[in-house]
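Hi everyone, thanks for coming. I'll talk you through one structure today, so have a look at the screen and keep it open while I go.

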Amino acid sequence: MKSTKSFSAHMEQAHTYAAAQDWEAAAHEYANAAAIEPSAPLFVQIGHMLKEAGYLHAAVRSYRAAIYWDGTGTDARLHLGHLLKRLGKLDQALAIFKRLSELPHAPYVASEITGLEVAKLNGYQTPTALKKRRQQMPKLPGELLKAEQRIRACISGESARRTKLSQSRFSSLYSAHKVRGCIRFRSAIPASIKPVANLIIKNNSLFATTNNPQMMLEFLPPSKLAEMEGAWIEFTVRIEAAGKLIKPVIYIESQPGWQRFSTIHLSPTGNGSFRATFQLSPRTFSIRFDPLESFGPFQVSELSLKRLSLTSVLCRAYRVPEGLNFLKRIFTLGTGGRIVPRTLPTMIEQPALNEYDRWIAGHDLAKQQTVVANAAPTICSFGWLLPLGEADIAMVLSTIQSLKAQVGNIDWKLSILASSKISHDILHALHREESLDHRITVDVVPGNADRGTCLNYGANTLKTKFIGHIEPGDRFSNDMLLTFAGYLSKHKSTVLLYCDHDFLDKNGRRHSPRFKPDWNTDYAYCYDYIGRTVVFSDNAFKEAGKYSSQFPGREDFDLVLRVTGTFSDDKIIHVPLPLWHCVGTDEVSDIVGPVTANIRNRGLRLVVQSGTGVGTARLVWPLPKTPPHVTVIIPTRDRIDLLRSAIDSILTKTTYPNFDITVVDNGSVEKGSFLYFNDISQTSRVSILRDEGAFNFSRLNNRAAAVATGSVLAFINNDIEVIEAGWLSELVSTALDPHVGAVGAKLLYRSGHVQHAGIVGGVGAVAGHGHKNSAFDDPGYMNRLIVQQSTTAVTAACLVVEKRKFDSVCGFDELNLAVAFNDVDLCLKLGQLGWRTIFTPWAVLQHHESISRGPDVGGENAERFRREALFITEKWGATLLEDRFYNPNLTREYEDFSLGPGNRSLIRTVINENL
């Protein structure tokens with residue numbers, strides 16, 4: 001029976017049911033509402049309710065209906081992709097996520113795509129338990145089934161409407177061509193825009209209810225859309241939205257229902273105005289205008305549409321460097337008629353917003369408001385050394401202007417260091433700046449001084465508490481000095497302070513952010529992750545010996561190593577904000593020289609070698625003449641195919657001379673298992689320790705460690721396979737360092753993709769594997785896949801630690817962490833006693849992750865996992881969740897070191913704690 005209630009009545013009832021978590025009733029009411037006024041957001045809402053009620057296949061159909069209704073929507077594709085992944089339909093999920101990633105307002109799904117591709121490469125098969133659950137899923141009850149049938153009728157009717165529209169549109173093209181000639185170029189086209197989705201009127205202003213407000217462009221009489229097809233259009237508009245991310249996009253629908261469309265990104269022209277020049281496709285059904293990517297109030301005004309001649313468009317392209325080259329090509333080669341239509345639009349269109357653009361818009365404003373509100377008064381002063389080299393005067397002036405624009409009335413001085421060969425015109429321009437601002441001095445360095453001598457010459461003239469080196473063209477966030485001063489006011493014993501940074505392209509656009517960890521000695525020895533974005537206290541600068549000329553091009557890095565080697569780590573402060581915007585790129589010169597010199601000065605027993613990446617190094621801990629005995633501990637339960645591969649590879653491929661293997665048999669029952677145990681226990685290197693209790697990873701390893709004969713313990717999973725001979729030597733030599741606790745290896749899936757390269761706290765609610773699913777030859781974010789570094793934890797799938805250190809923290813916590821996070825807890829306990837946890841990429845093994853036990857989800861496993869996650873987060877708190885070897889600006893959702901759009905609160909917390 002057809003419902004007599006109104007749309008709003010159904011919606012109100014549905015909201016009530018949803019609030020009470022009566023998912024079935026809510027889905028039924030939303031479906032009734034959709035039968036009256038169908039829309040993509042409503043179909044998505046129905047999908048949510050069906051999913052919560054356990055009707056997963058019906059939810060899939062509802063999400064697909066939303067995509068059919070509006071092909072530009074992102075929510076439906078996002079939820080559908082996750083649901084298909086949950087159902088084990090990886091191919092379908094992958095296709096959905098790939099299409100989603102192409103949409104202008106798409107959320108970040110690159111990690112999802114990579115994970116699915118890696119799973120396929122490694123022969124993922126749907127677990128038997130999941131297949132059974134899919135077969136046992138409940139069928140829709142009668143009322144919901146009827147509601148779904150009504151929705152299908154809506155979809156069917158919409159399909160018929162679109163078919164008819166396409167046919168009528170095609171037949172109208174000929175008549176439209178007849179009247180096109182009467183439209184004058186550069187004439188205004190009467191048009192208006194009207195809200196269509198995610199918008200309301202509030203306080204006489206447009207108000208976006210989501211971050212994707214949508215408006216439709218309508219042509220007013222006598223203009224008609226059909227008459228404009230194939231024409232070049234200039235679209236201008238003004239958008240006012242204080243503190244919002246304004247990145248307007250035009251959508252051109254070329255197949256009904258937005259099943260096929262193109263997008264145009266508008267370019268800013270100043271004072272809140274934006275412009276786009278584009279060509280309408282031969283079959284255009286509608287034009288949509290999405291003004292911004294933020295929710296909240298905004299205003300749209302000064303809308304203007306004009307038709308342009310091809311000559312006008314070519315003139316616009318002439319003003320763009322790429323366009324000029326393009327025009328030279330077509331006029332020289334005579335190919336314009338063929339390539340203009342498909343190439344010219346790319347010359348005049350604004351580039352799409354990238355992830356870092358979004359991050360800047362979303363975080364910089366919030367950060368600056370927090371800094372200004374919390375900054376404490378200070379008497380700190382900063383001295384800046386600016387060596388000219390062969391820099392353009394315009395770059396120098398941009399850096400000077402950036403310093404002058406600093407807020408907070410912070411004391412600074414600038415020493416511009418010029419060589420004696422500087423031109424008269426440049427020197428005159430610099431002296432003019434000097435005369436206008438007493439904080440600026442211009443020093444001509446006598447003779448042919450090298451960079452180190454030049455910097456020290458300028459440093460001798462500065463009388464400030466902190467000293468830093470900048471390059472011509474470098475620019476700063478206008479609150480950088482205020483932020484630095486706030487941190488230094490709280491951390492009064494600071495000897496070195498550094499911040500995150502990014503780079504500037506030739507147009508001044510920020511890109512390639514470098515979000516750094518807090519001070520990480522091992523990482524710093526292997527890669528110059530700090531760069532020049534650092535200031536030194538005057539006392540530390542002098543005590544460390546100032547700048548050196550010994551390593552040209554690495555003056556800052558060398559000084560960083562000498563200062564950090566002289567003072568304790570608690571005097572080294574990191575500001576996790578990209579306040580410094582550098583010209584150029586990362587320094588790529590060799591670092592072996594300065595690292596070797598510093599290690600020798602500190603009396604460390606390390607050998608430094610070149611790393612695999614340019615500008616990286618490898619640290620080698622020499623083994624003692626008589627290497628210590630190692631006990632390799634491998635828990636297992638049956639799965640002799642895996643265990644045999646693990647033991648055979650260890651025995652035949654490992655070059656480390658002194659080890660034995662203890663296999664902990666946790667209740668094996670297969671006859672083949674006992675035959676294999678009997679066989680391998682005949683060798684002198686392998687012993688079997690039996691444990692008939694319930695599976696408790698911590699207890700099994702603790703039992704074996706208690707009876708181990710080795711002074712070093714190597715915990716290895718039964719699904720590990722050795723692929724490089726030197727793995728154990730690398731891990732043991734590092735673990736013997738008196739300042740090191742646990743050491744972990746680089747573990748790979750069968751496909752060669754990364755499974756483990758150190759554990760990052762706070763990712764995935766508790767902890768995750770950094771760079772998981774990265775390609776084997778990927779250097780990782782800031783080279784973190786190819787260099788040694790301290791990490792919060794490493795996985796016990798392959799973990800080496802001295803027995804005395806393991807015993808001093810009472811081993812794994814078998815009472816509270818039987819299965820999950822026991823390795824994380826162990827590493828944090830070792831860290832509490834002053835022992836660092838090290839990840840080394842120079843020990844590489846293969847890991848067939850969790851093959852023998854399966855994924856740790858579902859039923860009792862899920863409840864136990866929840867308990868253990870709660871325990872470790874309550875025990876360690878911010879030490880784990882705010883990982884100091886990570887960065888609060890990076891994602892907490894994925895394991896790929898991508899940007900974290902949702903971490904504003906954490907950034908505010910970090911600022912508040914340090915200002």
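Okay, one bit of vocabulary before anything else: two strands pair if DSSP finds at least two bridges between them. Keep that in mind, since I'll be counting bridges in a moment. Also, please remember that this is a predicted model.

So, the overall picture. The chain has 915 residues, and 56% of them count as buried. In terms of elements, there are 30 helices and 34 strands in the chain. About 39800 Å² of the chain is exposed, with carbon and sulfur atoms supplying 53% of that. And here's one on contacts: if you take those between residues at least 6 apart in sequence, 76% join residues at least 24 apart.

Now let's go to strand S6, which covers residues 249–255. How many bridges join S6 to strand S10? Five, and the two strands run antiparallel, with S10 covering residues 286–290. One of the residues to find here is Ile 250, whose bridge partner in S10 is Phe 289.

S6 also pairs with strand S7, residues 260–265, in the antiparallel sense, this time over six bridges. Ile 250 turns up again here, standing opposite Ile 264 in S7. Move along to Tyr 251, and you'll find Thr 263 of S7 opposite. As a general point, in a regular strand the side chains alternate between the two faces of the sheet.

How do you get from S6 to S7? The two form a hairpin with four residues between them. Look for Gly 257 in that turn: its phi is positive, about 80°.

Is S6 enclosed? Well, five of its seven residues are buried, so the strand is largely enclosed by the rest of the structure.

Let's zoom out to the sheet. S6 belongs to an open sheet of five strands, in the order S1-S4-S10-S6-S7, and the pairing is antiparallel. At the edges stand S1, residues 191–197, and S7; each has a single partner strand, so one side of each is left without a neighbour in the sheet. On average, neighbouring strands of this sheet are turned by 30° against each other, ignoring direction.

There's another open sheet to look at, and this one has six strands, ordered S2-S3-S11-S5-S9-S8, again with antiparallel pairing. Which strands stand at its edges? Those are S2 (199–202) and S8 (267–270), and each has a single partner strand, so each has one side without a neighbour in the sheet. The average turn between neighbouring strands here is 40°, direction ignored.

Inside that sheet, find S5, residues 232–240, and S9, residues 273–279: they pair in the antiparallel sense over seven bridges. If you want a residue to click on, try Thr 236, which has Arg 275 in S9 as its bridge partner.

Right, on to helices. H2 runs over residues 23–36, so that's 14 residues, and from first C-alpha to last it reaches 20 Å, close to the 20 Å expected at 1.5 Å a residue. Of those 14 residues, 10 are buried, so H2 is largely enclosed by the rest of the structure. The buried ones include Ala 25, His 28, Glu 29 and Tyr 30.

Let me finish with three single residues.

Thr 399 is in helix H14, residues 393–404. Buried or exposed? Its relative accessibility is 0%, so Thr 399 counts as buried. A polar atom of the Thr 399 side chain lies 2.8 Å from the backbone nitrogen of Gly 473, and the backbone oxygen of Asp 474 also has a polar atom of that side chain at 2.8 Å.

Next, Leu 700, in helix H24, residues 697–707. Leu 700 is at 0% relative accessibility, so that's buried too. Leu 700 and Thr 636 are 64 residues apart in sequence, yet 9.3 Å apart in space, C-alpha to C-alpha. Among the residues Leu 700 touches are Pro 635, Val 664 and Phe 695.

Last one: His 847, in strand S34, residues 836–847. His 847 has 4% relative accessibility, and buried means under 20%, so it counts as buried. Which side chain does it meet in a polar contact of 3.1 Å? That of Asp 719. His 847 also touches Leu 747, Tyr 749 and Ala 797, among others.

That's it from me, thanks for listening!

How values were computed:
Residues numbered from 1 in each chain as written. Predicted model: local features only at pLDDT ≥ 70, side-chain atom pairs only at ≥ 80, totals over all residues. Heavy atoms only, no water. Expected span 1.5 Å × (residues − 1). Buried < 20%, exposed > 50% of the residue type's maximum accessible area, 1.4 Å probe, protein only. Polar contact = N/O pair within 3.5 Å; in protein donor to acceptor, adjacent residues only side chain to side chain. Contact = heavy atoms within 4.5 Å. Axes fitted to C-alpha atoms, helices over the stretch in contact; angles between N-to-C directions. Areas by Shrake-Rupley, 256 points an atom, 1.4 Å probe, with all protein chains shown as cover. Lists of a residue's contacts leave out its neighbours within four places in sequence.
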